[in-house]
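User: I am new to this structure and should like to be guided through it by questions and answers. Please give the reasoning before each result.

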Amino acid sequence: MGTKTKLEILVLLLLTSGRDPGIVPRNSHPPEPEDIGESSNLSDWPGGQHGSAGLPLTKDVLVNGVLVKVKYCHTCMLYRPPRCSHCSICNNCIERFDHHCPWVGQCIGKRNYRFFLMFVSSATVLCIYVFTFCWVNIGKTMDTHECTFGRAILKSPISAILMLYTFVAVWFVGGLTSFHLYLISTNQVRFLSSRCSNS
Ligand SMILES: [Zn+2]
Ligand SMILES: [Zn+2]
């Protein structure tokens, strides 16, 4: 693991933050009521809640033979596909929306979830790698100079700073990695799961 790996992690970060997370192109005008189709509840929606253009706030669509309720987005003027959510920060509807990541300044969705997961997991491995080798380096310094841990830190302050930094960082990236691996293993990720979200 060397400079190449660190570069690869940076590329993953750029791919996560720079790539389109799955933005659903917005309409310039609201859909016409006749475009909505037979299955809409335009006239007999129980709550009588209609959008600004007289459109129902939800409609039922058939997805692989299953009736799915989709919500209307007033900002993007479209019916959101299943597992799609509107991000208030990016002000876009994102396909298979996972979350908005403030650290990379981008939504995590259909098209960049893979890169996001690869980024956090490789950053975790790098943190553990750097921490371990700084620890080994301090140990060697203690052996060579036959000194205490405190003195070894003074002799090799860079190792101590890197150890402190990676120790703090690993809780964030490691926590994210294990959380998302847990979600994947229990099939709770929208990216993989076939379940629909009505949020
Ligand atoms: Zn939207
Ligand atoms: Zn966002």
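User: In which helix is Lys155 found?

Analyst: The model is a predicted one. In it, residues 149–155 form a helix, and Lys155 belongs to that run. The element asked for is helix H3.

User: Is Lys155 buried, partly exposed or exposed?

Analyst: The relative accessible area of Lys155 is 46%. Buried requires a value under 20% and exposed a value over 50%. Lys155 is therefore classed as partly exposed.

User: Which residues does Lys155 contact beyond its neighbours within four places in sequence, and how far from Lys155 is Ile138 in space?

Analyst: With those sequence neighbours set aside, the contacts of Lys155 are Thr141 and His145. Ile138 is separated from Lys155 by 17 residues in sequence. From C-alpha to C-alpha, the distance between Lys155 and Ile138 is 8.8 Å.

User: Which residues does the UniProt annotation "transmembrane region" cover, and how far apart are the end C-alpha atoms of each stretch?

Analyst: The annotation comes from an unreviewed UniProt entry and covers residues 115–138 and 158–184. In the model, residues 115–138 are 100% helix and 0% strand, and residues 158–184 likewise have 100% helix and 0% strand. The end C-alpha atoms are 34 Å apart for residues 115–138 and 37 Å apart for residues 158–184.

User: Which residues are the protein donors of the zinc ion (ligand 1), and what is their spacing in sequence?

Analyst: Four donor atoms lie 1.9 to 2.3 Å from the zinc ion (ligand 1): SG of Cys73, SG of Cys76, ND1 of His86 and SG of Cys93. Of these residues, His86 is partly exposed at 22% relative accessible area, whereas Cys93 is buried at 0%. The spacing of the donor residues is C-x2-C-x9-H-x6-C.

User: What is the arrangement of the four donor atoms around the zinc ion (ligand 1)?

Analyst: Ideal angles for four tetrahedral donors are 109.5 degrees. The donor atoms around the zinc ion (ligand 1) subtend angles of 106 to 115 degrees, so the arrangement is tetrahedral.

User: Which residues coordinate the zinc ion (ligand 2), and what is the geometry of the site?

Analyst: Coordination is by Cys87 (SG), Cys90 (SG), His100 (ND1) and Cys107 (SG), at 1.9 to 2.3 Å. The angles among these four donor atoms run from 101 to 122 degrees. The geometry of the site is tetrahedral.

User: How many residues apart in sequence are the parts that the pair Cys90 and His100 ties together?

Analyst: Cys90 lies in the loop between strand S5 (84–87) and strand S6 (92–95), and His100 in strand S7 (residues 99–101). Cys90 is partly exposed at 25% relative accessible area, while His100 is buried at 17%. Because of where the two residues lie, the pair ties together parts that are ten residues apart in sequence.

User: What is the phi of Asn91, and what is that of Arg96?

Analyst: Most residues other than glycine have a negative phi. Asn91, in the loop between S5 and S6, is partly exposed at 35% relative accessibility, and Arg96, in the loop between S6 and S7, is partly exposed at 26%. Neither residue is a glycine, yet both values are positive. Phi is about 55 degrees for Asn91 and near 45 degrees for Arg96.

Technical notes:
Residues are numbered from 1 along each chain as its sequence is written. Chains are lettered from A and ligands numbered from 1 in the order in which they are written. This is a predicted model: local features need pLDDT of at least 70, side-chain atom pairs count only at pLDDT 80 or more; totals for chains, interfaces and linings use all residues. Side-chain values use heavy atoms; hydrogens and water are left out. Donors are N, O and S atoms within 2.8 Å of the metal (3.2 Å for Na, K and Ca); water is not among the atoms, so sites may look incomplete. Four donors count as tetrahedral if all angles lie between 85 and 135 degrees; four count as square planar and six as octahedral if opposite donors are over 155 degrees apart and all others between 65 and 115; anything else is irregular. Helices (H or I, at least four residues) and strands (E, at least two) are DSSP runs, numbered from the N terminus. Buried means under 20% relative accessible area, exposed over 50%, partly exposed in between (1.4 Å probe, protein chains only). Contact means heavy atoms within 4.5 Å. UniProt positions are given in the numbering used here, feature names are shortened, and annotations may be inferred rather than shown by experiment.
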